[in-house]
Amino acid sequence: MKYDVVVVGAGHAGNEAAAAAAKLGAKVLLVTMNMQTIGQMSCNPAMGGVAKGQIVREIDALGGWSGIISDKTAIQFRMLNRSKGAAMWSPRTQNDRWRFAEEWRLTLESLENLDFIQSTVDEVLLDGSRVRGVVLQSGEEIHCHKVVLTSGTFLNGIMHIGTRQMNGGRSAEGSARGITSCLQSFGFESGRMKTGTPPRIDGRSLDYSKFEIQEGDENPGTFSYWASKPLTKQRHCWIAHTSEQVHDVLRSGFDRSPLFNGAIQSSGPRYCPSIEDKINRFADKTSHQLFIEPEGWNTVEMYINGFSTSLPEEVQIQALRQVSGFEQVRFFRPGYAVEYDYFPPTQLKHSLETKPVDGLYFAGQINGTTGYEEAACQGLMAGINAALSLNGRDAFILDRSEAYIGVLIDDLITKGTEEPYRMFTSRAEFRLSLRQDNADRRLTPLGRALGLVDDVQWASFEQKERDRFHVEQWIDAQTTDPEAWNDYLESQGTAPIRQKGSLRALISRPQLTLAGLRAHAAQVEEPLVDALVWDQVEIDEKYRGYLEKEQEQVAKLKRLESVRIPVDFDFEKITALSIESRQKLKKLKPETVGHASRVSGVSPADIQILLVHLGR
């Protein structure tokens, strides 16, 4: 068999990669170890969250599928951080785990040019330094021009529960062996990482009267800008708390914990630690929150967010039974940790193509990331670039000023990671511009130019832009005068005006909201547009001055990004550079001066010297 692109792995990264490449006209084969677990939510049944929700919106804006599928299978929607500034607002859904996987499979099956095979890839075949195919577990060779590896936690995966160890990358599933040694023979460096998951429990065994209810938004939104309708009903989540009694039981199992007895040597996620790691590192805290999350609309299975653990099963049960409301808890399956191989992402180009092998792309946890959303956006970008490369088109690369996706990929390639990488709003220096509400304005025209955004989505985007124009016109048409407005302004705790002016000038005041201003100007007919359009206009007006300053920084960044560094550039010859800079630049081979400026240990003075040697 012969294909344009072979995608290895059918998780969040693999699915987005396969869908993008197929939509762009490539003949794609998706290889998965189990056809029944395509699109599986391996850990929590949720999408989005702080910064992650922005990524899902960006995937949707570019023409990817994660947002649409999340909306179709959502059981609850919340916009997080509403009490903070607009750059922090982040959408999140609870999802029906089984419906999510079903929707992904049905979506992939509906795409032309996309075939499936249930197997394991044991080897990547090369012609010189270029991909020419893969070898399946059966020994069959599949010939192709591009390979996208999205192996998740399955590369030499080992699961830990107490002192027990099992081969596998996910509960009741095996591990993938052969790829790591194959890639090492090509000159790749590899490492080990660890992640974990909490127990799944029988919700019928809980006393919900002892928990705090966590409801969805009163007016729920959606991830997708164009293809989804808000939920009309939602399921609750609940919040519980651990105690010193819980912690004492957990500590009794530390001698059998693979985290502390030396069985696990690799780094786990810093920002999503196991419960035993939390009570060890934060010994002064007497309680930690637990979030009880339903696994779907109709199931009784519950996910205990915040209780990730690899302690022995009996310790897990004894400890949870000390939590108020969990006294009679019954387990469906215990929590466990999994160790797996990854490949330091400094071995990649910004296109996610590997430096040592042409036509080979990595996406997802193989690059050291954690989280569905981080994986999905990498898969989308790898799939796009694999398809573009087939036709000799330039790689599609988002920079740090354009998207959280650009921040994530640049962080990985420039800085690398020695622990599972998780996206946060604080990682994005231009986060006020990279908001969840404006991802379509930033990226949908780019997705349209690529060929991923179809006519229906484009028409929806254009209508939203027309609505925005009408709102801007309405605001510009409104005038304010002291006689009609000062009583209202003083009632809102803000200074009165002394002369007639524009309504736009009042929007920027922190004490005022556009909704309140609209209500006071109710005698003037408003354009009938979606509330999200009004929200977006208000955010832009309130932060206009800050956004303008941010754009000045963006312009400086783009000037540096426009200066390309030749592939064969010899940094060792520039003796004026510090030794550390020469060593790091030689190893990473940055493609632009902007990329070089973000390498740890490279100073602004080094960049000035580099610009001189490049004739700039």
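Let us start with two helices that pack against each other in this predicted model. Helix α9, residues 372-390, and helix α10, residues 404-415, meet at an angle of about 90°, and their axes are 10 Å apart. An angle from 65 to 115 degrees counts as roughly perpendicular, and α9 is therefore roughly perpendicular to α10. On the α9 side, the contact is formed by Glu374, Cys377, Gln378 and Met381; on the α10 side, these meet Ile405, Leu408, Ile409 and Leu412. By character, the residues of this contact comprise 6 nonpolar, 1 polar and 1 charged. It helps to recall a general point here: an α-helix has 3.6 residues a turn, so residues three or four places apart point the same way.

Let me stay with α9 for a moment. With 19 residues at 1.5 Å a residue, α9 should span 27 Å, and its end C-alpha atoms are indeed 27 Å apart, so the two values agree. How many of the 19 residues of α9 are buried? The count is 17, which means that α9 is largely enclosed by the rest of the structure. After α9 comes Gly392, which has a positive phi near 75°.

I turn now to the sheet. Three strands form an open sheet in the order β3-β5-β4, with antiparallel pairing. The edges are taken by β3, residues 46-48, and β4, residues 74-80; each has a single partner strand, so one side of each is left without a neighbour in the sheet. On average, neighbouring strands of this sheet are turned by 15° against each other, direction ignored.

Strand β5, residues 90-95, is joined to β4 by 6 bridges. Within this pair, Gln76 stands opposite Gln94, and Leu80 has Ser90 as its bridge partner. Towards β3, β5 is joined by 3 bridges, and here Gly48 stands opposite Arg92.

Are the residues of β5 buried or exposed? In β5, 6 of the 6 residues are buried. In a regular strand the side chains alternate between the two faces of the sheet. Accordingly, we can list two sets in β5: Ser90, Arg92 and Gln94 point one way, while Pro91, Thr93 and Asn95 point the other way.

From β3 the chain leads us to a loop and then to helix α2. Ala51 lies in the loop between β3 and α2. Its phi is near 70°, a positive value in a residue other than glycine. With a relative accessible area of 0%, Ala51 is buried.

Helix α2 itself covers residues 52-62, and 11 of the 11 are buried, so the helix is largely enclosed by the rest of the structure. Charged residues appear in this buried set too, including Lys52, Arg57, Glu58 and Asp60. Just after α2, Gly63 takes a positive phi of about 105°.

A further positive phi belongs to Asn156, at about 50°, although Asn156 is not a glycine. Asn156 is found in the loop between β9, residues 141-149, and β10, residues 158-161.

I close with one residue of helix α8, which covers residues 313-320: Gln316. Which residues is Gln316 in contact with, leaving aside its neighbours within four places in sequence? They are Ile161, Pro199, Phe307, Thr309, Ser310, Leu311, Phe331, Pro334 and Gly335. Gln316 is buried, with a relative accessible area of 0%; the cut-off for that word is under 20%.

How values were computed: Residues numbered from 1 in each chain as written. Predicted model: local features only at pLDDT ≥ 70, side-chain atom pairs only at ≥ 80, totals over all residues. Heavy atoms only, no water. Buried < 20%, exposed > 50% of the residue type's maximum accessible area, 1.4 Å probe, protein only. Helix = DSSP H or I, 4+ residues; strand = E, 2+ residues; numbered from the N terminus. Pairing = 2+ DSSP bridges. Axes fitted to C-alpha atoms, helices over the stretch in contact; angles between N-to-C directions. Parallel < 35°, antiparallel > 145°, perpendicular 65-115°, else oblique. Contact = heavy atoms within 4.5 Å. Expected span 1.5 Å × (residues − 1).
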